[in-house]
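Me: I'd like to learn how to read a fold like this one, feature by feature. Could you walk me through it?

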Amino acid sequence: MNQSSSMEKNELLNRARRYLRQQLEMGFEHSYRMPSRESTELIDQQAQSSDRQMETLYHQIKGCTRCPLGNSRTKFVFGEGSPQADLVFIGEAPGRQEDLQGRPFVGPAGQLLTKMLAAIDLKREEVFIGNILKCRPPRNRDPLPQEVECCEPHLQAQLSILRPAIICALGRIAAQTLLRTKSPLGRLRGDIHLYGDIPLVATYHPAALLRNQHLKRGAWEDLLLLRRELDRLTAA
Ligand code: SF4
């Protein structure tokens, strides 16, 4: 280690010690108890278990033809991200790029979603990103009720493995479908809803933000709400 990095390390250690001392003086000693080896092992086992379960589910459903979209798709789009994610983003269905690549939210809308995550201090690998439908509807038309009915059990199976703290529905179709409502997105934004027993926040689809710059301010407010709720729900 060179001299400057050694000094930086010492400075960081000193800052951490000062911070811990202040917290202890304020009576927060419980926050800094080291996890026991048993609890660390348990967390590792749970993480490995959800990795395996997601992989098993993928292999179970990747050849799905429960609705006609299974015959017209190029690639099945399972979704991607961390199997331990506390936050899950759900859009409506794969588009052209997603259908070609077999990955959710790629292309310009996906790049914007990555930037939206960065704005609230998150990386794509830390969350899970998927769609209600796993196959692309022709010409990107809205999902049909029968397609949602066929495909939603796959999403529910994913969520029962992920057990996220919160869901963010991306766009009107995703929000209305998950919440079983016809209310406009404008009325669904800004509140905490429930999908089953999982809290859900609705915001604009990134593709809509690319088309309408004036929606960005509202999207930022939604992201702040999402971040606040995520922090509150995951505070141990
Ligand atoms: S959209 Fe869903 S239900 Fe329909 S074929 Fe694809 S995976 Fe199966």
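**Reading the sheet, the rings and a helix**

Reply: Let's start with one pair of residues: Gly-81 has Phe-128, in β3, as its bridge partner. That bridge belongs to the pairing of β1 with β3, which is antiparallel and has two bridges. Keep in mind that this is a predicted model.

Me: What is the order of the strands in the open sheet?

Reply: Six strands line up as β1-β3-β2-β4-β6-β5, with mixed pairing. The edge positions go to β1 and β5; each has a single partner strand, so one side of each lacks a neighbour in the sheet. Moving inward, β2 and β3 run parallel and are joined by four bridges, with Ile-90 opposite Gly-130 of β3. β4 and β6 are also parallel, again with four bridges, and there Ile-167 faces Leu-200 in β6.

Me: Which residues of β3 are buried on each of its faces?

Reply: Phe-128 and Gly-130 are buried on one side, Ile-129 and Asn-131 on the other, so both faces of β3 are covered by the usual cut-off of under 20% relative accessible area. For the chain as a whole, 43% of the 236 residues are buried.

Me: Let's turn to the aromatics. How do I describe a ring pair, and how many are there in the whole structure?

Reply: The general idea is that a pair of aromatic rings is described by how far apart the centres are and by the angle of the planes. A search of the whole structure turns up four aromatic pairs. Take Phe-76 and Phe-78: the ring centres are 6.4 Å apart and the planes meet at 35°, so this pair is tilted. Phe-78 also pairs with Phe-128, this time edge-to-face, at 6.5 Å between centres and 90° between planes. That second pair connects distant parts of the chain, since Phe-78 sits in the loop between α3 (69-72) and β1 (80-81) while Phe-128 is in strand β3 (residues 128-131), 50 residues apart.

Me: Are these phenylalanines buried or exposed?

Reply: Buried, and the numbers show why: Phe-78 has 9% relative accessibility, Phe-128 has 4% and Phe-76 has 11%. Ring pairs tie Phe-76, Phe-78 and Phe-128 together with Tyr-58 in a cluster.

Me: Where is Phe-76, and what does it touch beyond its sequence neighbours?

Reply: Phe-76 lies in the loop between α3 and β1. Leaving out residues up to four places away in sequence, it is in contact with Tyr-58, Ile-61, Lys-62, Gly-102, Lys-134 and Cys-135. From Phe-76 to Tyr-58 is 18 residues in sequence and 9.9 Å in space, C-alpha to C-alpha. If you want the wider context, look at contacts in the chain between residues at least 6 apart in sequence: 72% of them join residues at least 24 apart.

Me: How about a polar side chain? Where is His-193, and which backbone oxygen does its side chain reach?

Reply: His-193 is in strand β5 (residues 193-195). With a relative accessible area of 18%, His-193 is buried. Its side chain reaches the backbone oxygen of Leu-188 at 2.7 Å. Around His-193 you'll find contacts with Leu-179, Leu-188, Ile-198, Pro-199 and Leu-200, again leaving out residues up to four places away in sequence.

Me: Last one: helices. Which residues of α10 are buried?

Reply: The general idea is that an α-helix has 3.6 residues a turn, so residues three or four places apart point the same way. In α10, the buried set is Gly-218, Ala-219, Asp-222, Leu-223, Leu-225, Leu-226, Glu-229 and Leu-230. They take up an arc of only 160° around the axis, so they are on the same side of α10. On the face turned away from that buried side are the exposed residues Arg-217, Arg-228 and Arg-232.

Me: What covers the buried residues of α10, and what span should the helix have?

Reply: The cover includes β2 (87-91), α5 (107-119), β4 (166-170), β6 (198-203) and α9 (206-211). As for the span, the 19 residues of α10 (residues 216-234), at 1.5 Å a residue, should cover 27 Å, and the end C-alpha atoms are indeed 27 Å apart, which agrees.

Note on methods. Residues are numbered from 1 along each chain as its sequence is written. This is a predicted model: local features need pLDDT of at least 70, side-chain atom pairs count only at pLDDT 80 or more; totals for chains, interfaces and linings use all residues. Side-chain values use heavy atoms; hydrogens and water are left out. The expected span of a helix is 1.5 Å times one less than its number of residues. Buried means under 20% relative accessible area, exposed over 50%, partly exposed in between (1.4 Å probe, protein chains only). The arc is that of the directions from the helix axis to the C-beta atoms. Contact means heavy atoms within 4.5 Å. Rings of Phe, Tyr and Trp (its six-membered ring) pair if their centres lie within 6.5 Å; planes under 30 degrees apart count as stacked, over 60 as edge-to-face and the rest as tilted. A polar contact is a pair of N or O atoms within 3.5 Å; within protein, one must be able to donate a hydrogen and the other to accept it, and residues adjacent in sequence count only if both atoms are side-chain atoms. Two strands pair if DSSP finds at least two bridges between them.
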